[in-house]
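This briefing goes through helices, buried residues, pockets and salt bridges, one topic at a time. Keep the structure in view while reading.

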Amino acid sequence: LPEFDLVSVPSEYIKNIFPDLKNIKLQYHGINKKIFDDCKENPFNFKDKINAVFVGVSNFDYDFLSKASKLFPEWGFHIVGPIRKTFERENIYYHGEIDYLETVPLIKYSDIALQNIKYKKGVESFTDSLKVLQYSYCRLPIVATDFLKTNRKNIFYYKEGNEKSIYDAMTGAMNFSREEFNNTDIYSWEDLAKKLME
């Protein structure tokens, strides 16, 4: 690692693994902002008062979904990715794996984003995943497991398996002021390329 001019890492957790490395820089992933900016079609039918979305492929916390969907029966829970239907409920919508472009309106027009993942060694790096950056660019409040602690102002934490903390995180997210949230620190891929060249 010391032989490189730059070691670019996309999460604070990874950066902290190498505290003495002088050539390391935290540089978050970029996102395609234009795709989100150009998306104008709301995919929700407004049957549900609040729509929460999860986009991902692994470490899914099914217990969270079971508890949250029961606590908030008037909210819709949209699950995008290869997540098994271990149980069903009227307010849970399993979208399966879909084209990336189809995920964009589901993210942009959701009310709450979910980062409900179970603990496994190394998942602490998901604090700054591409998904978190996409959620944050859309100014969404994010409900996440408490081992994903970060300085981001739009994240509300729950303790795995704890119903009260799930309730508190979800209601906190619901009351989040999206208009006041600053998303200007999210890079486009062009921004990131410039940072790398600097």
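Helices here are DSSP runs of type H or I with at least four residues, numbered from the N terminus. By that definition, residues 163-174 form helix 6, and Asp-168 and Lys-164, four residues apart in helix 6, are separated by about one helical turn. The model is predicted. The structure holds six salt bridges, and three of these pairs are described below, after helix 5, Asn-51 and the pockets.

**Helix 5**

- Why is helix 5 described as largely enclosed by the rest of the structure? Seven of its eight residues are buried, so the rest of the structure largely encloses helix 5.
- The buried residues of helix 5 are Lys-131, Val-132, Leu-133, Gln-134, Tyr-135, Ser-136 and Tyr-137.
- The cover over these buried residues includes three strands with residue ranges 30-31 (strand 3), 112-115 (strand 7) and 142-145 (strand 8), along with strand 4. Helix 2 (33-38) and helix 4 (100-108) are also included in what covers them.
- Just after helix 5 comes Arg-139, which takes a positive phi of about 60 degrees.

**Leu-133, a residue of helix 5**

- Helix 5 spans residues 130-137, and Leu-133 is found in it.
- Is Leu-133 buried or exposed? Leu-133 has a relative accessible area of 2%, and a residue under 20% is called buried, so Leu-133 is buried.
- Neighbours within four places in sequence aside, Leu-133 is in contact with Tyr-28, His-29, Ile-31, Asp-128, Arg-152 and Ile-186.
- From Leu-133 to Glu-90 the separation in sequence is 43 residues, and the C-alpha to C-alpha separation in space is 29 Å.

**Asn-51 in strand 4**

- Strand 4 covers residues 50-55 and contains Asn-51.
- Asn-51 counts as buried because its relative accessibility is 5%.
- Which side chain makes a polar contact with the side chain of Asn-51? The partner is the side chain of His-78, at 2.9 Å.
- His-78 also appears among the contacts of Asn-51 that remain when neighbours within four places in sequence are left aside. The others in that list are Phe-44, Gly-76, Ser-110, Asp-111 and Ile-112.

**Pockets**

- The largest pocket holds about 300 Å³ of space.
- Its lining is made up of 19 residues, and those nearest its centre are Tyr-28, Asp-128, Thr-150, Asn-151 and Arg-152. Among these, Tyr-28, Asp-128 and Arg-152 are also contacts of Leu-133.
- By type, the lining of the largest pocket has seven nonpolar, six polar and six charged residues.
- The second largest pocket holds about 240 Å³ of space.
- How many residues line the second largest pocket? There are 15, and Val-55, Gly-56, Val-80, Tyr-100 and Thr-103 lie nearest the centre.
- Helix 4 and helix 5 each give at least two residues to the lining of the second largest pocket.
- That lining divides into eight nonpolar, five polar and two charged residues.

**Salt bridge between helix 7 and helix 2**

- One salt bridge joins the side chains of Asp-191 and Lys-33, with an N to O distance of 3.8 Å.
- Asp-191 lies in helix 7 (residues 189-197) and Lys-33 lies in helix 2, so the pair ties together parts that are 158 residues apart in sequence.
- Asp-191 counts as partly exposed because its relative accessibility is 29%.
- Lys-33 has a relative accessible area of 18% and is therefore buried.

**Salt bridges within a helix**

- An α-helix has 3.6 residues a turn, so residues three or four places apart point the same way.
- In helix 2, Asp-38 and Lys-34 are four residues apart, which means about one helical turn separates them. Their side chains meet in a salt bridge of 2.5 Å, N to O.
- Asp-38 is partly exposed, at 45% relative accessibility, whereas Lys-34 is exposed, at 56%.
- In helix 6, the side chains of Asp-168 and Lys-164 meet in a salt bridge of 2.7 Å, N to O.
- Are Asp-168 and Lys-164 exposed or partly exposed? Asp-168 counts as partly exposed at 35% relative accessibility, and Lys-164 is exposed, with a relative accessible area of 58%.

Notes:
Residues numbered from 1 in each chain as written. Predicted model: local features only at pLDDT ≥ 70, side-chain atom pairs only at ≥ 80, totals over all residues. Heavy atoms only, no water. Buried < 20%, exposed > 50% of the residue type's maximum accessible area, 1.4 Å probe, protein only. Polar contact = N/O pair within 3.5 Å; in protein donor to acceptor, adjacent residues only side chain to side chain. Contact = heavy atoms within 4.5 Å. 1 Å grid on protein atoms, 1.4 Å probe; cavity = no way out; pocket = protein on both sides within 12 Å on 5 of 7 lines; lining within 4 Å. Points joined across faces, edges and corners; volume = space filled by probe spheres on them. Nonpolar A, V, L, I, M, F, W, Y, C, P; charged D, E, K, R; others polar. Salt bridge = Lys/Arg side-chain N within 4 Å of Asp/Glu carboxyl O.
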